[in-house]
Amino acid sequence: MPVEILVSQAAPFDAALMASIHAACFAKAWDEAAMATFIAGPGTLCLVGYAGDFGPVPAGILIARRAADEAELLTLAVAPACRRLGLARALLIEAAEQLRTGDVKRLFLEVEEGNAAALALYRSLGAMPVGRRPAYYESGADAAIFSLALSDSPPDDGAGRR
Ligand SMILES: CC(C)(COP(=O)(O)OP(=O)(O)OC[C@H]1O[C@@H](n2cnc3c(N)ncnc32)[C@H](O)[C@@H]1OP(=O)(O)O)[C@@H](O)C(=O)NCCC(=O)NCCS
């Protein structure tokens with residue numbers, strides 16, 4: 001049976017849990033104060049996701065920053081125990097919907113080359129590769145940049161930005 005997934009706007013009291021999910025997913029963790037700043041930021045979209053069986057605490061987070069009619073995904077993370085339930089997809093779909101409603105035309109997604117899970121997720125949502133940052137990560141890996149078109153206008157190859 002599919003797990004019930006719920007996505008909502010992050011509230012100030014979510015900052016500590018958001019930091020702990022981030023720490024479980026990335027070597028360079030963002031602390032509670034950083035999360036509180038994102039939640040309070042006017043140009044920032046912060047979402048938390050819940051997966052039915054894992055109780056009333058967030059299991060996934062998404063943070064995106066808007067600038068004019070574009071936005072970039074700053075982070076997307078799902079607690080290891082709650083992966084492959086559709087939580088990241090639900091977070092991204094909700095973010096895309098909210099940004100689209102706010103007249104944002106495209107969302108840029110950056111991912112470490114070799115991150116098979118994120119690459120598959122971004123592609124499955126129709127994001128297109130638009131660029132690369134060589135040796136961007138400390139590991140020496142390249143960053144792949146994807147663009148997800150949010151408007152109904154003709155497909156956008158992201159060339160206007162990078
Ligand atoms: C990437 C990440 C956010 C995916 O979260 P998730 O909730 O497990 O993803 P979903 O369950 O929504 O998966 C959606 C789709 O993504 C792809 N996917 C997810 N995990 C995958 C994996 N381990 N291998 C291959 N494809 C994967 C699949 O296409 C999947 O659809 P399917 O389950 O119907 O096949 C999670 O693995 C994570 O937090 N990783 C560490 C942090 C990170 O890399 N963040 C992204 C870059 S900022």
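Good morning. I begin with one pair of residues: Met 128 stands opposite Ser 147 in strand 7. Please bear in mind throughout that this is a predicted model. The strands concerned are strand 6 and strand 7, the latter covering residues 143-149, and they pair in the antiparallel sense over five bridges. In general terms, the strands of a sheet pair through backbone hydrogen bonds, in either a parallel or an antiparallel manner.

Let me now turn to the sheet as a whole. Seven strands make up an open sheet in the order 1-2-3-4-5-7-6, and the pairing is mixed. Strand 1, residues 5-9, and strand 6, residues 128-133, are the edge strands, each pairing on one side only. From one strand to the next, the twist averages 25 degrees.

Helix 3 packs on this sheet. The strands that helix 3 touches are strand 1, strand 2 (44-51), strand 3 (60-67), strand 4, strand 5 (106-112) and strand 7. The direction of helix 3 makes about 145 degrees with that of strand 2.

I move next to the pair formed by helix 1, residues 15-25, and helix 2, residues 32-40. Their axes come within 8 Å and cross at roughly 120 degrees. Helix 1 is therefore oblique to helix 2. The crossing of helix 1 past helix 2 is right-handed. On the side of helix 1, the residues in contact are Ala 15, Ala 16, Met 18 and Ala 19, and they meet Glu 32, Met 35, Ala 36 and Ile 39 of helix 2. Sorted by class, this contact holds seven nonpolar residues, no polar residues and one charged residue.

Finally, I come to the ligand. Which residues come nearest to the ligand? Of the 21 residues around the ligand, these are Arg 83, Ala 88, Arg 89, Ala 117 and Leu 121. Two or more residues of the shell are given by each of strand 4 (70-78), helix 3 (87-101) and helix 4 (116-124). Helix 4 supplies the largest share, with six residues. As to character, the shell divides into 13 nonpolar, five polar and three charged residues. Helix 3 thus appears in both settings: helix 3 packs on the sheet, and helix 3 also contributes to the shell around the ligand. Thank you.

Terms used:
Residues numbered from 1 in each chain as written. Predicted model: local features only at pLDDT ≥ 70, side-chain atom pairs only at ≥ 80, totals over all residues. Near = placed C-beta within 6 Å. Helix = DSSP H or I, 4+ residues; strand = E, 2+ residues; numbered from the N terminus. Nonpolar A, V, L, I, M, F, W, Y, C, P; charged D, E, K, R; others polar. Axes fitted to C-alpha atoms, helices over the stretch in contact; angles between N-to-C directions. Parallel < 35°, antiparallel > 145°, perpendicular 65-115°, else oblique. Left-handed = near helix turned anticlockwise from the far one by under 90°. Contact = placed C-beta atoms within 7 Å. Pairing = 2+ DSSP bridges.
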